[in-house]
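Q: Could you take me through one part of this structure up close, slowly enough for a first-year student? I'd like to see how that part connects with what is around it.

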Amino acid sequence: MQRSPDARGWRCKFAALAPSTNTIVQPDYDDMRLPGVTNHYSRIYVPNLDVTDNASFKTLTDTIAASVDEAVKSVLTCQPDYLVMGMSAVAFYGGLEGALAFRDRLAAKAGIGVSTGALAVAEALKRYGAKRVSFLSPYFPDANREVARFLTDCGFEVVRDECFQCRTPVAIAEVPVERCRETVARLDGPDVDAIVQVGTNLSMLHYAAAAEAVLGKPVIAINAATYWHALRAVGIEDKVYGVGTLLERF
């Protein structure tokens, strides 16, 4: 039997997954939502663990990864058209091979297409023609090395990176924009084509757009990249203004 279009999501119903500690993905994605597109959130259960070093950060990401399938199972009951991942660290692990395997596993589980932050960032950088990049994260050094490995596998040269080493998942959303601004200034330089922010609970959507105007180069917030990638994947080419040049130009 042919289904009728959803009354609000007549163009696309997105399933959006984020850790239960994450308070930034939902408002960010809603800021980019278009008429006829709806976002349906499922929380990936994770306690607000203390994170003090590389080992405890890996424990956190392992906990998130272990809860993903249940979150997918829950949101599938609304019969979404596409899955948008609002979590990023796990999506970078294992280089390009690991990122593709993570995406493919989720797609097989959900039975629909999936956009992940890692692959979306790589696609965005390619659209800009960027070769040499810097990035910032709320992670710990080992996780930054995984991001650098992924970007290198995708053909980019990582010039510089910084990690904030946030002490709990919730604390990531409490990082002030001033710290992001100071970090972007350190990461910038004539040897950098683009700056990337990873970590979906780090609020940089609107600041990244402002930074582009000042620096004259792409500053890619991961939530913008992931949502852009999902829109384009389902054939929605509308421009979204005020959240960076990625959604305005490509």
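A: Here is a walk along one helix, H2, followed by a look at the cavities and a few single residues.

Before we start, keep in mind that this is a predicted model. Helix H2 covers residues 54-75, and a good partner to look at alongside H2 is helix H4, residues 95-110. How do people describe a pair like that? Two packed helices are described by the angle between their axes and by the distance between those axes. For H2 and H4, the angle is about 35° and the axes are 10 Å apart. The crossing of H2 and H4 is right-handed. On the H2 side, the contact is made by Val-68, Asp-69 and Val-72, while H4 brings in Arg-105, Leu-106, Lys-109 and Ala-110. Sort the residues of this contact by class and you get 4 nonpolar and 3 charged, with no polar ones.

Now zoom in on Ser-67, which sits in helix H2. Is Ser-67 buried or exposed? Ser-67 counts as buried because its relative accessibility is 17%, and the cut-off for buried is under 20%. Leaving out residues up to four places away in sequence, Ser-67 touches Ile-44 and Tyr-45. What about Arg-105, one of the H4 residues in the helix contact? Ser-67 and Arg-105 are 38 residues apart along the chain, and their C-alpha atoms are separated by 14 Å.

H2 also has a role in lining an empty space. How many cavities of 30 Å³ or more turn up in a search of the whole structure? There are 2. The largest cavity holds about 220 Å³ of space. A total of 18 residues line the largest cavity, and Pro-19, Ile-64, Tyr-139, Ile-172 and Thr-200 lie nearest its centre. The elements giving two or more residues to this lining are H2, helix H3 (89-92) and helix H7 (169-172). H2 gives the most to the lining of the largest cavity, with 4 residues. By class, the lining of the largest cavity has 11 nonpolar and 7 polar residues, and no charged ones.

If you carry on along the chain past H2, you come to the loop between H2 and strand E3 (82-85), and Gln-79 is found there. Here's a little oddity: Gln-79 has a positive phi of about 55°, although it isn't a glycine. Gln-79 has a relative accessible area of 45%, so it is partly exposed. There is another glutamine to put beside it. Gln-165 also has a positive phi of about 55° without being a glycine, and Gln-165 lies in the loop between strand E6 (157-163) and H7. Gln-165 counts as partly exposed because its relative accessibility is 30%.

H7 takes us back to the largest cavity, since H7 is one of the elements that help line the largest cavity. What about the second largest cavity? That one holds about 70 Å³ of space. Of the 13 residues lining the second largest cavity, Val-219, Ile-220, Ala-221, Val-243 and Gly-244 are the closest to its centre. H9, E8 and H11 each supply at least two residues of that lining, and the largest share, 4 residues, comes from H9. The lining of the second largest cavity has 10 nonpolar, 2 polar and 1 charged residues.

So what does H9 look like? Helix H9 runs over residues 205-215, and its buried residues are Leu-205, Tyr-207, Ala-208, Ala-209, Ala-211 and Glu-212. The buried residues of H9 pack against several elements, including helix H5 (117-128), helix H8 (177-187) and helix H10 (222-233). After H9 comes Gly-216, whose phi is positive, near 70°.

Let's finish with two loop residues. Thr-21 is in the loop between strand E1 (12-19) and H1. With a relative accessible area of 10%, Thr-21 is buried. Not counting residues up to four places away in sequence, Thr-21 touches several residues, among them Arg-43, Val-46, Pro-169 and Asn-201. Pro-35 is in the loop between H1 and strand E2 (37-44), and Pro-35 is exposed because its relative accessible area is 60%. Leaving aside neighbours within four places in sequence, Pro-35 is in contact with Trp-10 and Arg-11.

Note on methods
Residues numbered from 1 in each chain as written. Predicted model: local features only at pLDDT ≥ 70, side-chain atom pairs only at ≥ 80, totals over all residues. Heavy atoms only, no water. Buried < 20%, exposed > 50% of the residue type's maximum accessible area, 1.4 Å probe, protein only. Contact = heavy atoms within 4.5 Å. Axes fitted to C-alpha atoms, helices over the stretch in contact; angles between N-to-C directions. Left-handed = near helix turned anticlockwise from the far one by under 90°. Nonpolar A, V, L, I, M, F, W, Y, C, P; charged D, E, K, R; others polar. 1 Å grid on protein atoms, 1.4 Å probe; cavity = no way out; pocket = protein on both sides within 12 Å on 5 of 7 lines; lining within 4 Å. Points joined across faces, edges and corners; volume = space filled by probe spheres on them.
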